[in-house]
Amino acid sequence: MKKRIAVLLSNKGTGSNLAAILKAIDEKKIRNGRVVVVVSNKDDAYGLVRARERQIRTVVFDLKDFRQKGKTRREYDEALGKLLKEKYRIDLVVLAGWMLILSDAFIKYFPNKAINLHPSLLPDVGEEYIIYKNKIKIKPIRGEHTDMAVQFAIDKHYPIAGSTVHFITPVVDCGPVIIRSEVEIQPDDSAETLFARMKVEEHEILPQAIAWFCEDKLRIKKIGKVEIV
Ligand code: GRF
């Protein structure tokens, strides 16, 4: 049975990673999965348009509406998890430009079954830095929105930036790493030019991580390292 995938995004990005996932499915790079629903917390996310063009179900799950009904942020997470698990019978949640940090109230529905695409290089669980060329310590940029994370790497004069796909855990941007892509920072890079190159890589690593997941190739070891079998 093909794995049922939900892609969560927002109106901050353009849904280009959703498009890359759908392309990888079309090209059979992801063989054992299909996107059954695309969720945004805002109704003007371009990813919703992309999904509708492909006749994929969309859900706008607006936090503001929720709050207006007197409900808490935790109840929002709980309701979203329940919806995806029970109504859509989701096997894998993919956060691709989703902006809200999801607590354990959501994660308990998808233990080791929800992955995030993060626009910086994250080290393995238990490690503080990425070490570049055996000497330069690249500090992880966690909990920042995309533009801040990309600019941070430039401001710190890092030689490289990149993106990471990792499992989500209740500690933000600290879950087991599945795959990273490194991109060299050029002296004349702006956040825009650097991010454009990072995205080209993201469009490879996110579908790759999904393909591995769908083929049951990912094992999380006790120490939080991911092994691809
Ligand atoms: C990605 O670059 C990802 O790293 C970040 O949000 C961005 C979404 O981009 N979390 P897009 O909407 O898929 O183009």
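Which residues are the closest to the ligand, among the 13 that surround it? In this predicted model, the closest are Thr14, Gly15, Ser16, Lys199 and Glu202. Let us begin with the polar contacts. A polar backbone atom of Thr14 sits 2.8 Å from an oxygen atom of the ligand, and a backbone N or O atom of Gly15 is 2.7 Å from a ligand oxygen. Thr146 takes part through its side chain, with a polar atom 3.5 Å from an oxygen atom of the ligand. As for cover, the ligand taken alone exposes 370 Å², and the protein buries 94% of that.

Ser16, one of the residues closest to the ligand, leads us on to helix 1, which spans residues 16-26. Eight of the 11 residues of helix 1 are buried, so the helix is largely enclosed by the rest of the structure. If you would like to pick them out, the buried ones are Ser16, Asn17, Leu18, Ala20, Ile21, Leu22, Ala24 and Ile25. What do they pack against? The partners of these buried residues are strand 1 (3-9), strand 2 (33-40), helix 2 (46-53), strand 4 (92-95), strand 5 and helix 7. After helix 1 comes Lys28, with a positive phi near 65°.

From here we can move to the nonpolar interior. The largest nonpolar core has 34 residues, and Val7, Val94, Ile115, Ile178 and Ile210 have the most contacts inside it. Helix 7 (residues 191-214) gives the most to this core, contributing eight residues. Val94 is a good place to look around: beyond its neighbours within four places in sequence, Val94 is in contact with Ile5, Ala6, Val7, Leu8, Ile21, Ile115, Leu206 and Ile210. One of these contacts, Ile21, is also among the buried residues of helix 1. A second, separate core holds 25 residues, including Ala6, Val36, Leu80 and Leu100. Ala6 is thus a member of that second core while being in contact with Val94.

Next, find Ser181 in strand 9 (residues 177-184). Is Ser181 buried or exposed? Ser181 counts as buried because its relative accessibility is 5%, under the 20% cut-off. Leaving aside neighbours within four places in sequence, the contacts of Ser181 are Leu121, Ala161, Gly162, Ser163, Glu201 and Ile205.

The cysteines are worth a brief stop. Cys214 is buried, at 1% relative accessibility, whereas Cys174 is partly exposed, at 27%. The count of disulfides is zero.

Finally, let us turn to the backbone in two loops. Most residues other than glycine have a negative phi. Asn112, although not a glycine, has a positive phi of about 55°. Where is Asn112 found? Its place is the loop between helix 5 (104-107) and strand 5 (114-118). Asn112 counts as partly exposed because its relative accessibility is 43%, which falls between the 20% and 50% cut-offs. His157 also has a positive phi, of about 55°, and is not a glycine. This residue belongs to the loop between helix 6 (146-155) and strand 8 (160-167). His157 counts as exposed because its relative accessibility is 70%, over the 50% cut-off.

Methods: Residues are numbered from 1 along each chain as its sequence is written. This is a predicted model: local features need pLDDT of at least 70, side-chain atom pairs count only at pLDDT 80 or more; totals for chains, interfaces and linings use all residues. Side-chain values use heavy atoms; hydrogens and water are left out. A nonpolar core is a set of buried Ala, Val, Leu, Ile, Met, Phe, Trp, Tyr and Cys residues joined through side-chain atoms within 4.5 Å. Buried means under 20% relative accessible area, exposed over 50%, partly exposed in between (1.4 Å probe, protein chains only). Helices (H or I, at least four residues) and strands (E, at least two) are DSSP runs, numbered from the N terminus. Contact means heavy atoms within 4.5 Å. A residue is near a molecule or strand if one of its heavy atoms lies within 4 Å of it. A polar contact is a pair of N or O atoms within 3.5 Å; within protein, one must be able to donate a hydrogen and the other to accept it, and residues adjacent in sequence count only if both atoms are side-chain atoms. Accessible areas come from the Shrake-Rupley method with a 1.4 Å probe; for residues, only the protein chains shown count as cover. A disulfide is a pair of cysteine sulfur atoms within 2.5 Å.
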